Amino acid sequence: MSKNTLIRTASGLLLGLVLAGCSSAPLHYHQLQAGLPALVVPQAGAVILVEAVSLPAGVDRPQLLLQDSQGQPQLQEQHYWTASLSRLLTQALAVNLSHQLGLSSVYAAPQLSLARPELSVTLDVREFRLQPGAGATLAAAWRITRPGSDASLLQGYFSQHQAVASSEQTALVAAQQVLLDGVSSQIAEALAAHPAWLRHAAG
């Protein structure tokens with residue numbers, strides 16, 4: 001066997017071992033979903049559209065992004081969201097509002113409803129942090145508007161930290177789930193204080 005043949009054979013074996021090692025690392029998938037229970041059986045009412053949730057640059061990516069104690073990003077190459085993080089947040093918020101307000105007419109953008117939206121919900125996430133050994137942080141501004149109008153009917157700000165001693169990704173995602181339910185409750189309570197807005201406008 002020639003020297004060149006030996007080198008090619010050794011290189012091929014090394015490449016095979018590297019690929020085998022990479023393929024053996026399991027992938028993990030995580031999701032954020034609606035965690036609030038339905039208080040009543042949802043009924044038709046005002047059509048509410050939850051606009052696509054906005055996130056800080058660099059956060060809405062396929063992999064989980066953790067931060068170390070110095071605030072440095074740590075991309076988790078083996079841990080993925082099941083969909084776009086913005087999409088997961090938008091859908092979960094819409095379902096949470098549907099459950100808490102008792103409305104079947106809450107939609108998550110870009111879903112097209114059968115009726116024109118009467119209220120729009122906008123959530124602008126300012127901080128979305130998963131920090132091993134510390135927990136999760138969520139800070140977001142929200143507002144309620146009428147479609148076609150820039151005037152806010154309601155607006156608020158949510159900022160909380162959910163402590164978790166674990167460094168496991170699953171525990172950190174669960175902590176962020178608690179915070180997502182918290183901001184959903186805050187928005188639902190604000191809307192529930194105006195029951196006339198939740199009734200479908202005739203015509």
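Reader: What is the strand order of the open sheet of three strands, and what is its pairing?

Author: Happy to start there. In this predicted model, the order is S1-S4-S3 and the pairing is mixed.

Reader: What makes S1 and S3 the edge strands?

Author: Strand S1 (28-30) and strand S3 (63-67) each pair on one side only. Pairing takes at least two bridges between two strands, and S3 is joined to strand S4 (residues 73-81) by five, running antiparallel. One of the partnerships involves Leu66, whose bridge partner in S4 is Gln74.

Reader: Which strands of this sheet does H3 touch, and at what angle to S3?

Author: H3 packs on the sheet with contacts to S1, S3 and S4, and its direction makes about 90° with that of S3. The range from 65 to 115 degrees counts as roughly perpendicular, so an angle of about 90° to S3 earns that description.

Reader: Now the sheet of five strands: why do S5 and S8 count as its edges?

Author: The order there is S5-S2-S6-S7-S8, again an open sheet with mixed pairing. Strand S5 (106-108) and strand S8 (152-163) each have a single partner strand, so one side of each lacks a neighbour in the sheet. From one strand to the next, the twist averages 20°.

Reader: How do you know that S6 and S7 pair?

Author: At least two bridges are needed, and eleven join strand S6 (residues 119-131) to S7 in an antiparallel arrangement. Among the bridged residues, Gln131 has Gly135 of S7 as its partner.

Reader: Which helices lie across this sheet, and at what angles?

Author: Helix H2 (residues 85-101) lies across strand S2 (48-50), S5 and S6, at about 175° to S5. Angles over 145 degrees count as roughly antiparallel, so H2 and S5 fit that term. Helix H3 (residues 169-192) lies across S6, S7 and S8 at about 25° to S7. Angles under 35 degrees count as roughly parallel, so H3 and S7 fit that one.

Reader: Why are H2 and H3 called oblique to each other?

Author: Their packing angle is about 45°, with the axes 9 Å apart. That value falls outside the parallel, antiparallel and perpendicular ranges, so the pair is oblique. The crossing is right-handed. Residues that meet include Leu89, Leu93 and Leu97 in H2 and Leu180, Ile187 and Leu191 in H3. By class, this contact has ten nonpolar, four polar and one charged residues.

Reader: Where is confidence lowest, and where highest?

Author: Helix H1 (residues 3-24) is lowest, with a mean pLDDT of 47, while strand S7 (residues 135-145) is highest, at 97. Over residues 3-22 the pLDDT is below 50, and this stretch has one contact beyond near neighbours in sequence. The protein averages 86.

Technical notes. Residues are numbered from 1 along each chain as its sequence is written. This is a predicted model: local features need pLDDT of at least 70, side-chain atom pairs count only at pLDDT 80 or more; totals for chains, interfaces and linings use all residues. Side-chain values use heavy atoms; hydrogens and water are left out. pLDDT is the predictor's confidence in each residue, from 0 to 100. Helices (H or I, at least four residues) and strands (E, at least two) are DSSP runs, numbered from the N terminus. Contact means heavy atoms within 4.5 Å. Axes are lines fitted to C-alpha atoms, for helices over the stretch in contact, and angles run from 0 to 180 degrees between N-to-C directions. A crossing is left-handed if the near helix is turned anticlockwise from the far one by less than a right angle, and right-handed if clockwise. Ala, Val, Leu, Ile, Met, Phe, Trp, Tyr, Cys and Pro count as nonpolar, Asp, Glu, Lys and Arg as charged, and the others, Gly among them, as polar.
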